[in-house]
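Grab a coffee and work through these exercises with the structure open beside you. Each one gives a task, then a solution in steps.

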Amino acid sequence: MSEKIIYLDNAATSFPKPPCVYERMEKFLREESANPGRSGHRMSVEAEASVERSRSLLAKFFGVKNSSRIAFTLNCTDALNMAIKGVVHEGDHVISSVMEHNSVLRPLHALEEDKMITLTKVKPDSECFLNPADIKKTIQPKTRLVVLTHAPNVTGAIQPIREIGKIVREAGALFLVDAAQTVGAVPIDVDKDFVDLLAFPGHKSLLGPTGTGGLFVGERVEKITPWREGGTGMGSESPTHPEEFPYVLEGGTPNTVGIVGLAEGLKFVAEKGIEAIRAHELKLMSALRAGLAPLKKVKMFGPKSAENHGRAFHFNRRA
Amino acid sequence: MEQNDLSRYHRQYLFHKIGLDGQKKISKSRVTLIGCGALGTVIASALVRGGVGFIRIVDRDFIELNNLQRQVLFDEEDIRQGLPKAIAAKQKLERVNHQVEIEAVVADANYTNIESLIEGADLVMDGSDNFEIRYVINDACVKAGIPWVYGGCVGDAGLSMVVIPKKTPCLACLFQSEPPPELSPSCDTAGIISPIVNIVASLQVTEALKILMGKTDQILPGLYSYNVWTRAAHSFGTNAERDPNCPVCQKGIYEYLKGEKGVRTTALCGRNAVQISRDRAITIDFSVIADKLKGVGTVSFNNFMLKLTLKESGSDFEITLFPDGRAIIKGTSDIPRAKSIYSKYISV
């Protein structure tokens with residue numbers, strides 16, 4: 001691109017990616033892109049090893065001890081749909097919030113309309129933070145799943161997932177976190193944050209290409225029913241889809257070139273350090289707030305301070 | 001009995017090279033043990049009896065009858081109950097010393113999980129049974145700055161070495177990569193007698209005690225080799241000089257930890273088989289391997305492949321080995337199981 005542009009749409013997808021992402025993807029596509037796990041020839045075996053290395057890097061990034069519990073998905077929406085539809089059963093109660101993205105609300109609304117589940121949507125306070133006590137109050141004996149965003153794409157308010165996760169764990173329900181706007185920018189540790197299911201995109205703050213994402217499925221999730229079944233490269237003699245992780249969620253040829261690109265993005269983030277990235281973004285956020293604050297025509301929404309403010313920032317300028 | 005009551009260790013700290021201060025340090029220490037078979041059971045037993053603060057025992061295998069000859073923590077009842085080694089060891093040792101916190105992890109230690117397994121440890125003990133995992137341990141420990149103690153034995157002989165990252169030679173200083181299969185006998189191909197197990201594990205534990213007390217000046221560096229049958233003993237690298245070109249401890253290139261080096265596995269579609277291949281092609285002499293495997297099962301070979309059929313835990317397996325080191329393990333689609341069979345009979 002010859003003309004210089006200012007790109008501010010990173011909440012949708014990050015741009016540009018680090019050069020190592022482009023370089024690795026081109027090399028992979030030109031020289032290495034056999035179908036992983038489907039054959040025993042050297043290229044296929046190496047492609048599989050590359051996918052597994054990427055999986056292992058993601059596992060380390062989230063504090064996941066068994067990397068096979070991370071499945072690659074098309075994007076965060078794909079991961080959220082897999083998680084929601086894979087663990088709820090008829091008659092279950094689900095808790096979510098009014099701040100969720102359509103990738104959470106639409107599947108939940110559809111399940112509610114089909115009379116599969118009952119749904120409670122919790123409201124946040126004026127700064128767009130959820131109160132963990134409100135979650136606690138809405139938990140019922142039938143509550144199977146609590147689905148919440150780590151930070152909504154509209155206001156960017158980072159939610160107290162650790163406190164909420166603890167409550168959900170104590171109640172015996174499952175906790176699904178939508179990390180679309182935080183992964184790679186705000187630290188997440190699945191153990192410390194009591195997360196049972198973590199859905200994340202690869203193409204936002206992890207700096208991978210579009211078409212990548214993943215779902216972590218913790219050991220408390222005994223069974224997850226896949227809605228995409230097909231070839232896995234293992235157990236092909238079985239008439240039904242395998243239950244082993246990660247194959248259970250990975251029917252069909254994976255996006256290998258995207259996955260190796262994602263690994264490079266992730267290495268870049270890990271090398272810079274997530275704390276350093278967060279500190280940099282906080283600095284930018286504070287500067288923006290300070291600049292907008294004196295303007296009378298501007299109204300700012302969401303958190304009043306930068307501290308618990310994620311990457312998205314919502315303000316309105318009256319005409 | 002109070003958790004901080006050290007009286008049970010009196011005979012240990014009475015020994016002047018330990019002392020009460022040394023015991024206090026041992027009792028506050030955290031150890032990860034990778035592998036709880038022959039060496040691992042002796043190591044775990046000695047460390048728990050000797051009063052480490054915490055031990056994490058990692059092993060993915062279940063106990064089999066032919067383990068009882070040398071794996072001192074297990075018995076026939078454990079086999080009847082079908083217990084994993086890590087769990088059985090924890091249950092036994094909790095009855096021995098309730099003051100020690102014991103965590104059992106039933107998992108295949110590999111490059112994907114080693115860093116979390118050794119996190120927070122003051123020391124890592126090697127009770128594993130193959131070279132690949134030892135290089136993974138070496139990478140992870142050098143990177144994290146955690147000392148580890150290598151041990152290995154087969155037949156009547158064994159080896160032991162302490163690695164203090166950036167101070168003493170690491171495994172990669174001595175050998176850049178795993179030895180070839182022709183030179184790698186295992187307990188499953190060459191057999192083992194229990195005395196050498198106890199000796200090597202005891203050498204490892206002795207160095208462990210020094211490390212845990214912080215007495216690093218008393219550590220004996222280099223690779224020590226001992227044959228219990230002939231009493232031949234050798235030391236290598238005792239001048240404690242690290243390889244100035246070591247990729248691991250000098251240059252910080254952790255190829256095993258990144259999963260770049262090591263065997264590749266892939267489950268083969270519809271064949272109840274797993275293919276194992278090496279990160280780089282090697283050339284295997286089938287006649288040497290066939291000789292090594294003659295006590296294991298039925299072996300045949302031509303210029304292109306070697307076939308071995310064997311029975312293990314009541315199941316039939318067929319290994320087809322190719323001259324470049326690639327093998328197809330038929331009889332399982334479980335990748336860790338296939339890897340374990342490859343490492344036992346062919347070696348990694």
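**Exercise 1. Work out how the two domains of chain B meet.**

Step 1: start with the contact, where 15 residues of domain 1 of chain B touch 20 residues of domain 2 of chain B. Keep in mind that you're looking at a predicted model.

Step 2: place the domains. The assignment for chain B puts domain 1 at 7–236 and domain 2 at 264–345. Their centres, taken over C-alpha atoms, sit 28 Å apart.

Step 3: get the buried area. Between domain 1 of chain B and domain 2 of chain B, about 1,400 Å² is buried, with 44% of that coming from carbon and sulfur atoms. On the domain 1 side, Pro181(B), Glu182(B) and Thr189(B) lose the most area to domain 2 of chain B, together 38% of what that side buries.

Step 4: look for charge pairs. The rule finds two salt bridges across this domain interface of chain B. Separately, check the side chains of Arg278(B) and Glu178(B): they meet in a salt bridge at 3.9 Å, N to O. That passes, because the cut-off for such a nitrogen–oxygen pair is within 4 Å.

**Exercise 2. Do the same for the domains of chain A.**

Step 1: chain A splits into domain 1 (31–232 + 242–271) and domain 2 (273–317). The contact draws 21 residues from domain 1 of chain A and 17 residues from domain 2 of chain A.

Step 2: the domain centres of chain A, over C-alpha atoms, are separated by 27 Å.

Step 3: the area buried between these two domains of chain A is about 1,400 Å², and carbon and sulfur atoms give 60% of it.

Step 4: count the salt bridges across this interface of chain A, and you get zero.

**Exercise 3. Describe the interface between the chains.**

Step 1: chain B brings 25 residues to the contact and chain A brings 20 residues.

Step 2: about 1,700 Å² is buried between chain B and chain A, 44% of it from carbon and sulfur atoms. Which three residues supply the most of chain B's buried area here? They're Thr112(B), Arg264(B) and Cys269(B), which supply 27% of the area that chain B buries against chain A.

Step 3: the rule gives two salt bridges across the interface of chain B and chain A. Arg264(B) turns up again here, with its side chain meeting that of Glu46(A) in a salt bridge (2.9 Å, N to O).

**Exercise 4. Find a salt bridge inside chain A that links distant parts of the chain.**

Step 1: over all chains, the count comes to 36 salt bridges.

Step 2: take Arg169(A) and Asp196(A), whose closest N and O atoms are 3.0 Å apart in a salt bridge. Arg169(A) is in helix H6 (residues 161–171) of chain A, while Asp196(A) is in the loop between strand E5 (174–178) and strand E6 (197–201), so the pair is 27 residues apart and links distant parts of the chain.

**Exercise 5. Map the second largest pocket.**

Step 1: the second largest pocket holds about 1,400 Å³ of space. Of its 47 lining residues, the closest to the centre are Leu57(A), Lys60(A), Phe61(A), Glu115(B) and Lys143(B).

Step 2: sort the lining by helix. Among those supplying at least two residues each are H1 (19–32) of chain A and H7 (131–144) of chain B. H2(A) gives the largest share, nine residues.

Step 3: sort the lining by type, which gives 19 nonpolar, eight polar and 20 charged residues.

Definitions and conventions:
Residues numbered from 1 in each chain as written. Chains lettered and ligands numbered in written order. Predicted model: local features only at pLDDT ≥ 70, side-chain atom pairs only at ≥ 80, totals over all residues. Heavy atoms only, no water. 1 Å grid on protein atoms, 1.4 Å probe; cavity = no way out; pocket = protein on both sides within 12 Å on 5 of 7 lines; lining within 4 Å. Points joined across faces, edges and corners; volume = space filled by probe spheres on them. Helix = DSSP H or I, 4+ residues; strand = E, 2+ residues; numbered from the N terminus. Nonpolar A, V, L, I, M, F, W, Y, C, P; charged D, E, K, R; others polar. Domains from an automatic or database assignment. Contact = heavy atoms within 4.5 Å. Buried area = accessible area lost by both parts, 1.4 Å probe.
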